[in-house]
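Student: Could you walk me through this model, starting with its empty space and then moving on to one helix?

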Amino acid sequence: MTANESLRLRTALACWSAVLLALFLNLDDPWWAAISAFIVSGADRKTVVSKGVLRVIGTVIGCAAAFYAATFFAGQYLTLPILIAGAIVFGIYKRYTSPYSYAWTLACITGTLVLFVSLQSPGETRDFAIDRCLEIATGVFAAMLVELMLNPNPISAAQDAKPADEETRRHAMEAGVFGGIVIATILILDRYLDLPSPIQIAVTATVMIPLHIGYGPKKAFDRLSGCLIGGATGLAIVVFLPANLLVWSLFLIVGIFVFSRTHFSGQSNAYVGTQAVLAYLMTMVTGS
């Protein structure tokens with residue numbers, strides 16, 4: 001087995017383990033655990049651990065800050081959207097300027113999710129925040145466990161991030177403001193058009209915003225292509241195959257193994273593989 005195949009197999013097993021552990025813990029959205037395991041998986045053990053820790057820390061900070069903000073400003077339906085837009089501006093800026101950008105990105109995204117829930121279903125905000133933290137932590141734990149068990153000779157090529165220069169900070173602020181405007185637009189559209197899933201729309205919009213505004217079309221096309229490929233494959237499996245745990249496990253592992261080949265390729269279309277795996281997971285793992 002080549003190093004790339006070993007990496008893809010470990011990633012698939014980490015996602016599968018994360019789902020089973022999340023189901024055992026009776027978490028609401030086990031696919032969040034699977035996605036976390038997939039995102040933090042990698043060839044470098046140091047990177048897996050550091051990325052996992054940053055993901056958990058960012059999630060906890062975002063959920064806690066958003067929950068207390070939603071509690072303090074409960075019922076103030078003008079203030080909460082302003083907080084959401086502000087969180088996006090700050091999060092995108094830190095994403096491109098901070099050495100701990102991954103933690104800031106997760107804090108921004110999870111905080112936005114919690115604030116969205118507080119607008120739509122205020123009574124569910126606390127449970128949503130706690131479940132999200134547990135689901136993320138479960139996925140990270142599964143990825144670390146598989147890495148420690150199945151990667152006895154990890155490489156260590158992680159490098160420290162360089163501080164952002166003045167030009168990068170300027171572009172990051174422009175991207176942040178643009179992101180805030182996009183989120184405000186989504187909130188307005190949801191209010192008048194009752195969008196099917198404004199939370200997922202907000203997440204997609206946030207992660208799609210590049211450092212240099214105007215350079216996102218290819219990433220958008222890759223994201224859409226990957227979602228269609230992974231989602232269609234997962235949908236076909238859950239529709240036509242029997243609801244059997246062993247069969248489901250086999251196809252989940254094989255599907256991630258196949259799609260992650262593009263994800264780990266390092267080529268220009270790698271993002272297609274990333275989105276294919278994410279859509280595949282969200283289609284294959286929809287509940288208990």
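Student: What volume does the largest pocket have?
Tutor: Quick caveats: this is a predicted model, where local features need pLDDT of at least 70, side-chain atom pairs count only at pLDDT 80 or more, and totals for chains, interfaces and linings use all residues. Numbering runs from 1 along each chain as its sequence is written, and side-chain values use heavy atoms, with hydrogens and water left out. A pocket is an open set of points on a 1 Å grid over the protein atoms alone, where a 1.4 Å probe fits, with protein on both sides within 12 Å along at least five of seven lines. Filling the largest pocket with probe spheres set on the points gives about 1,200 Å³.

Student: Which residues are closest to the centre of the largest pocket?
Tutor: Lining residues have an atom within 4 Å of a point, and 38 residues qualify here. The closest to the centre are Ile39, Arg223, Thr274, Gln275 and Leu278.

Student: Which helix gives the largest share of that lining?
Tutor: Helices are DSSP runs (H or I, at least four residues), numbered from the N terminus. Several give two or more residues, including helix 2 (30-40) and helix 9 (217-240). The largest share, seven residues, comes from helix 11.

Student: How far does helix 7 reach from its first C-alpha to its last?
Tutor: Helix 7 covers residues 166-193, 28 residues in total. The expected span is 1.5 Å times one less than the number of residues, which comes to 40 Å for helix 7. The model's value is close to that: 40 Å.

Student: Which residue follows helix 7, with a positive phi?
Tutor: At the start of helix 7, a side-chain oxygen of Asp165 comes within 3.3 Å of the backbone nitrogen of Glu167. After helix 7, phi is near 50 degrees at the residue you want, Asp194.

Technical notes. A polar contact is a pair of N or O atoms within 3.5 Å; within protein, one must be able to donate a hydrogen and the other to accept it, and residues adjacent in sequence count only if both atoms are side-chain atoms.
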